[in-house]
Amino acid sequence: MAIRYWLAVASRDHVRTAVDLGVAQISHGTRPNLERMGDADGLVYYSPKTAYPDGDPLKQFTAIGRIAGTEIYQALSLDWRPWRRRVDWDETAEPAPIRPLLGALEFTRNAPDWGYQLRAGLIELSRHDFEIIRDAMRRPSPDDRRYPEERHWL
């Protein structure tokens, strides 16, 4: 089966929890969006805010990784049972603002209302978009004198 790429939306505080737990939780823990993903699919989180529901505006990509396995499971909790999938998160990734990438990303290019589609909580990305985001989130090496002035998406 072909690898697909996904962009999920969650506040930065929720993303940090997911990364700490090594999981993905989409749309407040519902199962259907997780079922769309396959083993080894790429996943990136976009965080419009720092916290849910009343955090400060952020508008950054905050985590990136790969789905690890096929199991979808329900977490045990006293008052809530969210559905989750295991993810191998890139622990070296750094947050990247979306604004500098708007003209390069297929899902935002020539789309002044690009944010509207994110209300679904999960959208499929092209490989092109996933790679641009991954590159933006990579920590530059100490000898990379081009960073941040000459990135390939500019």
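The legends below describe close-up views of a predicted model.

**Figure 1. Salt bridge between Glu124 and Arg4.**
This is one of three salt bridges that the structure holds. The side chains of Glu124 and Arg4 meet with an N to O distance of 2.9 Å. Glu124 belongs to strand 7 (residues 122-125), while Arg4 sits in the segment before strand 1 (5-9), so that the pair links distant parts of the chain, 120 residues apart. Glu124 is partly exposed, its relative accessible area being 39%. Arg4 also counts as partly exposed, at 27% relative accessibility.

**Figure 2. Salt bridge between Arg31 and Glu35.**
The side chains of Arg31 and Glu35 meet at 2.6 Å, N to O. Arg31 has a relative accessible area of 28% and is partly exposed. For Glu35 the relative accessible area is 47%, and this residue is partly exposed as well. Glu35 stays in that class because exposed requires over 50%.

**Figure 3. Salt bridge within helix 3, formed by Arg127 and Glu131.**
The closest N and O atoms of Arg127 and Glu131 are 2.7 Å apart. Both residues lie in helix 3 (residues 127-137), with a spacing of four residues, about one turn of the helix. Arg127 is exposed, with a relative accessible area of 52%, whereas Glu131, at 30% relative accessibility, is partly exposed. The two fall into separate classes because the cut-off for exposed is over 50%.

**Figure 4. The largest nonpolar core.**
This core has 22 residues, and those touching the most other members are Leu7, Val44, Phe61, Phe107 and Ile133. Two or more residues come from each of strand 1, strand 3 (42-49), strand 4 (57-74), strand 7 and helix 3. Of these elements, helix 3 gives the most, with five residues. Strand 7 and helix 3 thus appear again here, after Glu124 of strand 7 and the Arg127 and Glu131 pair of helix 3.

**Figure 5. Surroundings of Ile133, and the second core.**
With neighbours within four places in sequence left aside, Ile133 is in contact with Leu7, Val44, Phe61, Ile64, Leu105 and Leu125. Among these partners, Leu7, Val44 and Phe61 are listed with Ile133 as touching the most other members of the largest core. A second core is separate and holds 19 residues, including Trp6, Ala8, Met37 and Ile67.

**Figure 6. The largest pocket.**
About 610 Å³ of space lies in this pocket. The lining consists of 25 residues, and the closest to the pocket centre are Val9, Ala10, Ser11, His14 and His28. At least two lining residues are supplied by helix 1 (12-21), and at least two by strand 3. By class, the lining has 14 nonpolar residues, eight polar and three charged.

**Figure 7. The second largest pocket.**
The volume of this pocket is about 210 Å³. Its lining is made up of Arg12, Val15, Arg16, Val19, Asp20, Thr62, Ala63, Ile64, Asp90, Glu91, Ala93 and Pro95. The elements giving two or more residues are helix 1 and strand 4. Helix 1 contributes the largest share, five residues. The lining divides into six nonpolar residues, one polar and five charged. Ile64, one of the lining residues, is also in contact with Ile133.

**Figure 8. The cis peptide bond from Tyr52 to Pro53.**
The bond from Tyr52 to Pro53 is cis, and its omega is near 0°. Pro53 is located in the loop between strand 3 and strand 4. Both of these strands give two or more residues to the largest nonpolar core.

**Figure 9. Positive phi at Ser27 and Ala40.**
Ser27 is not a glycine, yet its phi is positive, about 50°. This residue is placed in the loop between strand 2 (23-24) and helix 2 (32-35). Ala40 is likewise not a glycine and has a positive phi of about 75°. Ala40 is found in the loop between helix 2 and strand 3. With a relative accessible area of 27%, Ala40 is partly exposed.

Terms used
Residues are numbered from 1 along each chain as its sequence is written. This is a predicted model: local features need pLDDT of at least 70, side-chain atom pairs count only at pLDDT 80 or more; totals for chains, interfaces and linings use all residues. Side-chain values use heavy atoms; hydrogens and water are left out. A salt bridge is a side-chain nitrogen of Lys or Arg within 4 Å of a carboxyl oxygen of Asp or Glu. Buried means under 20% relative accessible area, exposed over 50%, partly exposed in between (1.4 Å probe, protein chains only). A nonpolar core is a set of buried Ala, Val, Leu, Ile, Met, Phe, Trp, Tyr and Cys residues joined through side-chain atoms within 4.5 Å. Contact means heavy atoms within 4.5 Å. On a 1 Å grid over the protein atoms alone, a cavity is a set of points where a 1.4 Å probe fits but cannot get out, and a pocket is an open set with protein on both sides within 12 Å along at least five of seven lines; lining residues have an atom within 4 Å of a point. Grid points are joined across faces, edges and corners, and a volume is the space filled by probe spheres set on the points. Ala, Val, Leu, Ile, Met, Phe, Trp, Tyr, Cys and Pro count as nonpolar, Asp, Glu, Lys and Arg as charged, and the others, Gly among them, as polar.
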